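Student: Please pick one part of this model and walk me through it closely. I'd like to know what surrounds it, too.

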Amino acid sequence: MGRLELEVLDANDAFYRAFAAHDADAMAALWAEEHPVACVHPGSDVLVGRDAVVASWRAVLVPGGAPDLTCSSAEAHVLGDVAFVTCHEVVRTGGRLAATNVFVRERGRWRIAHHQATPIAPGQVRAAPRPGPAN
């Protein structure tokens, strides 16, 4: 795995740390400011625009609003100044979601431009990623 993939995975980890801490300010700071952004929360329609997306996270991250979850099976794919991470969101009370997080480089820093998560049907969980370079 290369340096850029590790940088993107670090940005992805920061996203899930803000989520776990219910830290809406930290979450807002992670979202792109110079590029278009969008978000699809599980069971919701597409939110477009930084104001709408950040407002949605402020609503989700209130105490008791967001489920307790962790990120697993994260794989980064870098496409120049754009990258995406596919991963699983493992809910502590049960269940697993497939998630995609798209990042853009702004002023030398990876910032999130799109997040989408959807429940995974029972029996449909893929195997853990194999070690080595991201494909």
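Tutor: Helices and strands here are DSSP runs (H or I, at least four residues; E, at least two), numbered from the N terminus. The model is predicted, with local features needing pLDDT of at least 70 and side-chain atom pairs 80 or more, while totals for chains, interfaces and linings use all residues. Residues count from 1 along each chain, and side-chain values use heavy atoms, without hydrogens or water.

Let's zoom in on the largest pocket. About 160 Å³ of space lies in this pocket (an open set of 1 Å grid points where a 1.4 Å probe fits, with protein on both sides within 12 Å along at least five of seven lines; lining means an atom within 4 Å of a point). Thirteen residues line the pocket, and Phe19, Pro42, Pro67, Leu69 and Glu89 sit closest to its centre. Helix 1 (3–20) gives the largest share of the lining, three residues, while helix 3 (50–60) and strand 6 (109–119) each chip in at least two.

Now follow helix 3. Val53, Val54, Ser56 and Trp57 are its buried residues (under 20% relative accessible area; exposed is over 50%, with a 1.4 Å probe). They land on the same side of helix 3 because they span an arc of only 155 degrees around the axis, judged by the directions from the axis to the C-beta atoms. Asp51 and Ala59 are exposed on the other side of helix 3. Among the elements covering those buried residues are helix 1, helix 2 (24–30), strand 1 (38–40), strand 2 (47–48) and strand 6, with contact meaning heavy atoms within 4.5 Å.

Strand 6 also pairs with strand 1, in the parallel sense over three bridges (pairing takes at least two DSSP bridges). Cys39 stands opposite His115 in strand 6. Strand 6 runs antiparallel to strand 5 (96–106), joined by ten bridges, and Arg105 has Trp110 of strand 6 as its bridge partner.

Technical notes:
Points joined across faces, edges and corners; volume = space filled by probe spheres on them.
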